[in-house]
Amino acid sequence: MPASPAIDVERLVKIYKNVRAVDAVSFSIARGSITGLLGGNGAGKTTTIAMIMGLTTPTSGRVTVLGAEMPRQRYRVLQRMNFESPYVEMPMRLTVRQNLTVFGMLYGVADLADRIAELVGALDLTDLLDRPTGKLSAGQKTRVSLAKSLINAPDLLLLDEPTASLDPDTADWVRGHLDRYRRDRHATVLLASHNMAEVERLCERVIIMKRGRIEDDDTPARLLARYGRRTLEEVFLDVARGGGEAREAAQ
Amino acid sequence: MTTRIESAFAFSPRRVAAMMLRYWYLLRSSWPRLVELVYWPMVQMITWGFLQFYVVQNAGFFARAAGTLIGAVLLWDILFRGQLGFSISFLEEMWSRNIGNLMMSPLRPFEFIIALMVMSMVRLLIGVIPVTLLAFLFFGFNLYGLGLALVAFFINLMLTSWAVGIFVSGLVLRNGLGAENFAWSIMFLFMPLTCVYYPVTTLPVWLQPLAWLLPPTYVFEGMRALLIEHTFHPNLMIDALGLNVLFFAGGSFGFLKLLQSARRHGSLMQTGE
């Protein structure tokens, strides 16, 4: 019998007043895979991720994460998930060590000192450990947020624009680390981004959203072939400008 | 690395300790935050202390009622600072845009509330204990001379302050920092109605039943009875406790409903400075 998907989203709808932020979205994400959720601003990526995390209640539809229905059964699985998003930050006045200690305790991490030492080594944070988080550069903060999101060695990692505002070198380094983590732990990663190069490099599968709906969903190679393009960026522009018509024309 | 599957009602002392540690780190890292804890209670106590000193010299009644003003100021500070301590710890999460991290973590709402209650107590004790000592040194008023009655007053005032703090935190969670002003001002709505500085009989007759619906009214009446008539009325404290149970249940219910509403409106990802 095949393992149940890490994430199962079924006809998910979110309406804010008169705006359909997410409109009948359905997809499943296999355990151990890395999937990119692509889309421009206002495409519904962040709202979809917020509903998967249980932070936002769907208007209708169903989200199941690691076998638990969200948000109703979220406490069954929150300890096995984690996330990073530009919409949240870590307490600025606390040092890196203090923040990792607090979040490690919240996630019930055993042998916390060892886990912090492991992450600090892997993410090159040794020199930053006793500095206030608010005094770090954008790149350093991102590495600290990444350490926080990995503190409980999650089975499911949700990342919203994980390399936004990073210089190319740091962004590349972060992508490499995420890829290694996913392979080593057989973790599932869902990555929302509008950085096409990032998605192309990391993801085995790409879901493209536009105006709250899924416009396309396939492997990067098949998307490139179908649209007759050389990069995902070109595919994305086709979808953004023409939607389904672009795909049909390409086919 | 161990991971455990837990239910919505599983209580973890470690998660509560994590939140307390977070607030303790914050207090420790910022001397203005520590000074602020003592500053206002001290200014208030000194101002009212001198006023009492003046009226005692000029009015026979107040000469008999020595200490009622300073006593009222100190007890009011327990009520006000208790709520403020709770709300400020909560607001720290909003100001630092950390609330999404917490809501996504295994921390349960009731664990969060317990941590905020303990920290409000810690903040209060840091602020009020030095001020009570100064009240004794400057004006000869010994708050601890109230004895066991002080314990009953303290418990009732803290319960009210937490009930209000919990409800206000829900308002901020639902409406964002636009509702922050409630945290600073809501307790002042209680000030005239709970009769901090005067007996309930001073209020118009039609307003008195409303005053008796508020638990702190019983505490301030009890304090005056103790200082003026040297009589402790346990029935007042029991009535206050009964009302506090209702207030606390109402505040917690309101918080959970506002949290649900915040999840529906997607407010948990959009809070910030």
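Here is a short tour of this predicted model, stop by stop.

**Stop 1: the sheet in chain A.** Select strands 2, 1, 4 and 5 of chain A, in that order: together they make an open sheet of four strands with antiparallel pairing. Look at the edges, where you'll find strand 2 (19-29) and strand 5 (68-70); each has a single partner strand, so one side of each has no neighbour in the sheet. From one strand to the next, the twist averages 25 degrees.

Now zoom in on strand 1 (residues 7-16) and strand 4 (residues 60-65) of chain A, which are antiparallel and joined by five bridges. Pick A:Glu10, and you'll see A:Arg62 as its bridge partner in strand 4.

**Stop 2: the helix across the sheet.** Add helix 1 (residues 45-53) of chain A. This helix lies across strands 1, 2, 4 and 5 of chain A, at about 120 degrees to strand 1.

**Stop 3: the core.** Click on A:Val65, then show A:Ile7, A:Ile52, A:Met70, A:Val77, A:Met81 and A:Leu156, its contacts once neighbours within four places in sequence are left aside. A:Val65 and A:Ile52 are among the residues with the most contacts inside the largest nonpolar core, which has 149 residues.

**Stop 4: a helix in chain B.** Jump to helix 7 (residues 148-175) of chain B, which reaches 41 Å from its first C-alpha to its last. Of its 28 residues, 22 are buried. Just past the end, B:Gly176 has a positive phi of about 80 degrees.

**Stop 5: where the chains touch.** Finally, show both chains: 34 residues from chain B and 35 from chain A take part in the contact. On the chain B side, helix 1 gives the most, with eight residues. That side divides into 14 nonpolar, 12 polar and eight charged residues.

Key:
Residues are numbered from 1 along each chain as its sequence is written. Chains are lettered from A and ligands numbered from 1 in the order in which they are written. This is a predicted model: local features need pLDDT of at least 70, side-chain atom pairs count only at pLDDT 80 or more; totals for chains, interfaces and linings use all residues. Two residues are in contact if their C-beta atoms, placed from the backbone, lie within 7 Å. Helices (H or I, at least four residues) and strands (E, at least two) are DSSP runs, numbered from the N terminus. Ala, Val, Leu, Ile, Met, Phe, Trp, Tyr, Cys and Pro count as nonpolar, Asp, Glu, Lys and Arg as charged, and the others, Gly among them, as polar. A nonpolar core is a set of buried Ala, Val, Leu, Ile, Met, Phe, Trp, Tyr and Cys residues joined through C-beta atoms within 7 Å. A residue is buried if 20 or more other C-beta atoms lie within 10 Å of its own, exposed if 12 or fewer, and partly exposed in between; C-beta atoms are placed from the backbone. The expected span of a helix is 1.5 Å times one less than its number of residues. Two strands pair if DSSP finds at least two bridges between them. Axes are lines fitted to C-alpha atoms, for helices over the stretch in contact, and angles run from 0 to 180 degrees between N-to-C directions.
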